[in-house]
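Please examine the sequence and the three-dimensional structure shown below. The paragraphs that follow lead from the confidence of the model to its interior and then to its loops.

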Amino acid sequence: LHHRQPATTTTNETKNPPQEYKNDHHHHRDSEDKPKTPPHILPPHEKQNILEMSLVTKRGPQFPGSIYANSLPSLQSVIQTQNEDDEDDEEVMIRRALDIRRKVTAEVFKAAMKKGKFGITYSTNLVNRLPDFIDHVMIEAAALKRSPEFKDSTFNLRAKLVIDHSNVVPLIRWLKHNNLSYPKIAKLICMSKGNLDSIRRLVEWLKTVYVKGEFLGATLLKSGDDILHRRLEELDEIVDYLESNGVRRDWIGFVISRCPRLLSYSMEEVKTRVDFYLNMGMNENDFGTMVFDYPGVLGYFTLEEMNQKVNYLKEFGLSTEDVGKLLAFRPQLMGCSIEERWKPLVKYLYYLGISRDGMRRMLTIKPMIFCFNFETTIAPKVQFFRDIGVREDAIGNMLVKFPPLLTYSLHKKIRPVVIYLMTKAGVTEEDIGKVIALGPELLGCNIAKTLEVNVKYFLSLGIRVRQLGEMIGDFPKLLRYKVDLLYPKYQYLRRTMVRPLQDVIEFPRFFSYSLEERIIPRHKIMVENRVNFKLRYMLACTDEEFNQRVADKVERRQRFESGRMDDAVSDSQMAEGTWGKTESSSLSS
């Protein structure tokens with residue numbers, strides 16, 4: 001405090017300030033026998049203000065009528081009264097002095113920011129988040145006093161020299177130019193522990209591996225506390241190893257920005273994690289795409305957690321290679337908790353009557369189902385199926401038959417399709433549950449591009465809406481076919497086979513059979529053998545059954561025709577016999 005007497009004090013204090021500070025408490029005690037005036041009693045906050053003002057060399061201007069404009073109490077009286085009040089509390093005084101030094105250092109830092117063309121608000125917000133760096137500057141400035149060159153310099157000058165020498169203001173400007181917000185800049189500066197060059201060095205390296213500017217701050221902050229002190233050669237070694245195992249060079253930046261923790265691992269740890277997946281039968285392409293699709297699969301989980309999840313997936317009857325393929329296709333499974341996500345879901349599916357084999361089918365076809373929260377995603381859809389009339393025992397079969405159903409939005413996909421089928425396609429309220437249970441794939445169809453186009457086509461053929469609803473109830477898949485496939489079959493039915501429209505209404509599955517491989521060949525056989533069947537008996541059977549039916553039909557026709565021939569011969573013989581008797585009788589007469 002002796003070196004920081006304010007420049008603007010009263011006239012008596014400025015004439016001989018060193019003498020007053022040298023005597024200090026000892027001078028006061030030696031002169032007890034002299035008459036003295038009672039000390040000026042100041043409130044604690046006034047003492048604090050005077051101490052702060054005494055440590056700042058550049059004061060604000062004083063105006064007439066302002067407090068302490070012409071009669072600022074001497075620092076001697078402040079210290080004297082403070083010692084009288086807190087004789088035994090030196091620690092409190094030291095802490096207050098340090099707080100004052102911090103405030104002074106912060107003001108010097110703000111002045112440097114202002115000189116660097118930063119706004120007052122930005123500078124204040126940034127400095128408030130730099131307590132560690134402010135302490136670093138304060139300590140370095142205090143250490144400079146040991147140097148003979150700065151022995152007689154003020155603290156403010158030394159703090160300014162430390163700030164200028166660290167190049168922190170240009171670094172802040174550069175980081176801000178790279179899209180880092182001031183909270184991230186402040187945290188990085190505190191992490192550097194005074195070694196600010198490490199920040200610029202690491203940011204430049206991240207740019208070389210294609211980390212985008214908007215992710216630079218988050219990548220640096222989430223890479224671990226020691227990331228600024230790692231050698232770039234170690235980081236290059238990690239990148240080269242990933243690239244040699246299928247992660248393309250232009251993917252590295254995306255992977256690191258989504259999983260910055262990867263940079264905090266040692267090379268041995270990275271190799272162990274990579275081998276964990278390669279040992280499950282993945283090739284380099286599968287591994288590379290898996291890491292790109294979900295970078296957290298490589299760095300966010302411990303090896304113990306990864307082994308537990310793989311073993312749990314094997315309990316569904318999957319082999320190690322199957323689990324590897326599953327993770328390569330949907331690596332987000334690694335991010336799911338066994339206790340919080342998988343076990344509750346398995347219990348719920350078992351309640352719906354789905355066996356382990358059914359769950360394995362759902363897992364292999366649509367593994368994303370096992371990443372959902374069943375309470376918010378799956379249970380509402382199951383309840384909706386109950387409400388529209390799907391039987392309880394059919395819900396489980398429906399989910400196993402078409403697992404993607406659970407990935408559709410209830411309000412944007414499932415419900416609109418059900419409403420369209422009931423209002424535009426003629427499906428009744430009694431049949432809608434059966435239609436959805438038999439053809440859950442309908443819920444995945446686009447209304448405008450698929451369902452509406454097919455409904456308009458069938459209505460254009462002369463089929464009524466009620467009849468169309470009955471056809472969909474018998475064969476829900478009817479609305480999933482493209483019109484380009486339906487038109488040739490209908491034309492062949494009406495023009496070549498010469499069948500009425502009612503045949504299609506009674507048997508809508510006609511459109512599910514191949515025109516070239518089943519309809520035309522069997523129709524030719526029927527024409528050659530001069531037999532005729534309903535569409536159901538013509539198409540809904542195997543080739544052996546169809547040939548047997550044709551043979552039976554031909555045999556019955558032949559028997560029928562031979563029976564008529566026998567009757568005709570007997571009738572002619574009887575007619576000849578009668579004519580002969582008549583002729584003989586006439587001759588005898």
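Over residues 575-589 the pLDDT remains under 50, and the model has zero contacts for this stretch beyond four places in sequence. The structure is a predicted model, and such scores therefore express the predictor's confidence in each residue, from 0 to 100. For the protein chain the average pLDDT is 81, and 80% of the residues score at least 70. Residues 1-39 also have a pLDDT below 50, but this stretch has 47 contacts in the model beyond near neighbours in sequence.

The interior may be considered next. Which residues touch the most other members of the largest nonpolar core? Among the 169 residues of that core, they are Tyr277 and Phe385. The helix that gives the most to this core is H5 (residues 90-115), with seven residues. Around tyrosine 277, leaving out residues up to four places away in sequence, the residues touched are Met282, Phe287, Met290, Val297, Leu298, Met306, Leu327 and Met334.

Helix H23 (residues 392-401) shows how one helix packs against others. Its buried residues are Ala394, Ile395, Gly396, Met398, Leu399 and Val400. The buried residues of H23 pack against three helices: H21 (356-365), H22 (374-387) and H25 (429-438). In general, residues three or four places apart in an α-helix point the same way, because there are 3.6 residues a turn.

Serine 192 belongs to helix H10, which covers residues 182-192. Is this serine buried or exposed? Serine 192 has a relative accessible area of 1%, and is therefore buried, since the cut-off for buried is under 20%. Apart from neighbours within four places in sequence, serine 192 is in contact with Ser198, Ile199, Leu228 and His229.

Two cysteines can be judged by the same cut-off of under 20%. Cysteine 259 is buried because its relative accessibility is 1%, and cysteine 445 is buried because its relative accessibility is 10%. A search of the whole structure for disulfides finds zero.

The loops provide two further examples. Asparagine 167 lies in the loop between helix H8 (155-166) and helix H9 (168-177). Although asparagine 167 is not a glycine, its phi is positive, at about 55°. With a relative accessible area of 45%, asparagine 167 is partly exposed. Asparagine 179 is located in the loop between H9 and H10. This residue, likewise other than glycine, has a positive phi near 70°. Asparagine 179 counts as exposed because its relative accessibility is 56%, and the cut-off for exposed is over 50%.

Terms used
Residues are numbered from 1 along each chain as its sequence is written. This is a predicted model: local features need pLDDT of at least 70, side-chain atom pairs count only at pLDDT 80 or more; totals for chains, interfaces and linings use all residues. Side-chain values use heavy atoms; hydrogens and water are left out. A disulfide is a pair of cysteine sulfur atoms within 2.5 Å. Buried means under 20% relative accessible area, exposed over 50%, partly exposed in between (1.4 Å probe, protein chains only). Contact means heavy atoms within 4.5 Å. Helices (H or I, at least four residues) and strands (E, at least two) are DSSP runs, numbered from the N terminus. A nonpolar core is a set of buried Ala, Val, Leu, Ile, Met, Phe, Trp, Tyr and Cys residues joined through side-chain atoms within 4.5 Å.
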